[in-house]
Amino acid sequence: MIPLMLDLTGRRVLIFGGGGVGARKAAHFEHEAEVTVISRSFSPRFDGLSVRRHETDLASLPDDAIVELLDGAFLAVAATPDPALNNRIGRLCASAGVLFNNAAGKPGDVIIPSVVRGRNYLIAISTGGKSPAVSRYLRMRLESEYADLDRMIDLQEEMRSILRETEPVQAERSRTLWKILLDDEIRELLALDYGRARELAITRYLHA
Ligand SMILES: C[C@@]1(CC(=O)O)c2cc3[nH]c(cc4nc(cc5[nH]c(cc(n2)[C@H]1CCC(=O)O)[C@@](C)(CC(=O)O)[C@@H]5CCC(=O)O)C(CC(=O)O)=C4CCC(=O)O)c(CCC(=O)O)c3CC(=O)O
Ligand SMILES: NC(=O)C1=CN([C@@H]2O[C@H](COP(=O)(O)OP(=O)(O)OC[C@H]3O[C@@H](n4cnc5c(N)ncnc54)[C@H](O)[C@@H]3O)[C@@H](O)[C@H]2O)C=CC1
């Protein structure tokens, strides 16, 4: 498995199965991609999501009708409780060249990770399918441990641009940025007041 960050703007994503799991997978994509959910029923968890619904019984559809549904799709997720049906969708995706994620059944070529997202960063976590609970646990730990990461990135960005003007030696710029990153007092101040943290970073490390 190789991690990638994909821009799915304007891409079509299909979710097969409209239960709670299908809704969570749809929520992973709907803020960017064009999501269509194909199912014989839909959980109320879809109500707030911007997805198109297509009501059908997949078990009664022949292969060519499912291949027709895949037309123009970039990625498909199988999230019905029937692993045989999910695996069949996976085989059809493979022959149609559509990326495939399987929520229950034979693993596809894509895993949906746990996601920690800020204004300035994006972290995707996977255990390679071994323990989704551990992926979720790590997400929750990172969210609480690094709640002020966005502000640290803002501060680093500002300090880098000042240092580029004032410090000609790259190794020195790097050392100073690391000192700021590891300074507990600056990290604590970041949680309370960005301006004061910025001031401390400048007086402590940029006015030597
Ligand atoms: C392989 C994968 C396929 C895929 O890509 O969907 C997969 C598969 C399966 N998950 C199962 C169970 C659970 N999944 C969750 C939750 C999440 N599952 C997600 C991803 C993935 N799940 C992929 C691997 C990710 C990795 O590599 O780590 C997350 C990260 C992302 C998301 O869905 O948005 C999201 C957490 C989001 C977050 O909160 O951060 C919980 C809830 C919990 O933990 O409370 C449970 C119950 C506890 C448990 O079983 O662990 C079962 C068993 C079903 C059964 O027993 O019948 C299967 C099927 C199987 O294993 O065969
Ligand atoms: N990958 C993951 O993250 C996880 C996967 N799972 C597994 O995912 C599967 C789905 O879980 P839930 O959403 O909770 O199930 P659910 O029973 O709530 O929903 C299943 C959905 O699939 C639809 N469906 C079933 N057969 C269909 C058919 N022949 N044609 C059209 N639609 C059909 C149903 O109408 C329903 O909307 C289960 O097998 C579960 O074990 C469970 C937890 C997490």
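Helices and strands are taken here as DSSP runs, a helix having at least four residues and a strand at least two, and they are numbered from the N terminus. The exercises below concern a predicted model.

**Exercise 1. Determine which helix gives the most residues to the shell around ligand 1, and describe the rest of that shell.**

Step 1. Begin with the closest residues: of the 20 residues around ligand 1, the nearest are S114, S126, G129, P132 and A133.

Step 2. Turn next to the elements, where α1 (20-29) and α4 (132-145) each supply at least two residues of this shell. The largest contribution is that of α4, which provides 5 residues.

Step 3. Sort the shell by class, which gives 7 nonpolar, 9 polar and 4 charged residues around ligand 1.

Step 4. Place the shell among the domains: domain 1 (1-112) and domain 2 (113-146) each provide at least three of the residues around ligand 1.

Step 5. Compare with the record, in which an unreviewed UniProt entry carries the annotation "domain: Siroheme synthase central" for residues 123-144. Over residues 123-144 the chain is 59% helix and 14% strand, with the C-alpha atoms at the two ends 14 Å apart.

**Exercise 2. Describe the shell around ligand 2 by its closest residues, its main contributing element and its classes.**

Step 1. Ligand 2 is surrounded by 20 residues, and the closest of them are G19, V21, L58, A103 and A104.

Step 2. The element with the largest share of this shell is α1, from which 3 residues come.

Step 3. Divided by class, the shell around ligand 2 holds 9 nonpolar, 8 polar and 3 charged residues.

**Exercise 3. Work out which elements build the largest nonpolar core, and follow one of its residues outward.**

Step 1. The largest nonpolar core contains 27 residues, and those with the most contacts inside it are V13, L14, I15, F16, A26, V35 and A76.

Step 2. Two or more residues of this core come from each of β1 (12-16), α1, β2 (34-39), α2 (63-70), β4 (73-78) and α3 (83-96). The largest share, 5 residues, belongs to β4.

Step 3. Take V35 as the example: apart from neighbours within four places in sequence, V35 is in contact with V13, I15, A26, F29, E30, V51 and R52.

Step 4. A second, separate core has 9 residues, among them M159, L163, L190 and A201.

Step 5. As background to such clusters, nonpolar side chains tend to be buried together in soluble globular proteins.

**Exercise 4. Describe how domain 1 and domain 2 are placed and how they touch.**

Step 1. The chain is divided into domain 1 (1-112), domain 2 (113-146) and domain 3 (149-206).

Step 2. Between the C-alpha centres of domain 1 and domain 2 there is a separation of 22 Å.

Step 3. Contact between these two domains involves 6 residues of domain 1 and 6 residues of domain 2. On the side of domain 1 that touches domain 2, the residues comprise 6 nonpolar, no polar and no charged ones.

**Exercise 5. Decide whether I186, D109, R160 and S41 are buried, partly exposed or exposed, and locate each one.**

Step 1. Fix the cut-off: a residue is buried with 20 or more other C-beta atoms within 10 Å of its own, exposed with 12 or fewer, and partly exposed in between.

Step 2. I186 lies in helix α7 (residues 184-192), and I186 counts as buried because it has 21 C-beta neighbours inside 10 Å. Setting aside neighbours within four places in sequence, I186 is in contact with I180, A197, L200 and A201.

Step 3. D109 sits in the loop between β5 (99-102) and β6 (114-117), and D109 is partly exposed because 14 other C-beta atoms lie within 10 Å. Not counting residues up to four places away in sequence, D109 touches L99 and F100; D109 and L99 are 10 residues apart in sequence, with their C-alpha atoms 6.5 Å apart.

Step 4. R160 belongs to helix α5 (residues 149-166), and R160 is likewise partly exposed, since 14 other C-beta atoms lie within 10 Å.

Step 5. S41 is in the loop between β2 and β3 (52-55), and S41 counts as exposed because it has 9 C-beta neighbours inside 10 Å. The C-alpha atoms of S41 and E55, 14 residues apart along the chain, are separated by 6.9 Å.

Definitions and conventions: Residues numbered from 1 in each chain as written. Chains lettered and ligands numbered in written order. Predicted model: local features only at pLDDT ≥ 70, side-chain atom pairs only at ≥ 80, totals over all residues. UniProt positions renumbered as here; feature names shortened; annotations may be inferred. Near = placed C-beta within 6 Å. Nonpolar A, V, L, I, M, F, W, Y, C, P; charged D, E, K, R; others polar. Domains from an automatic or database assignment. Core = buried A, V, L, I, M, F, W, Y, C linked by C-beta atoms within 7 Å. Contact = placed C-beta atoms within 7 Å.
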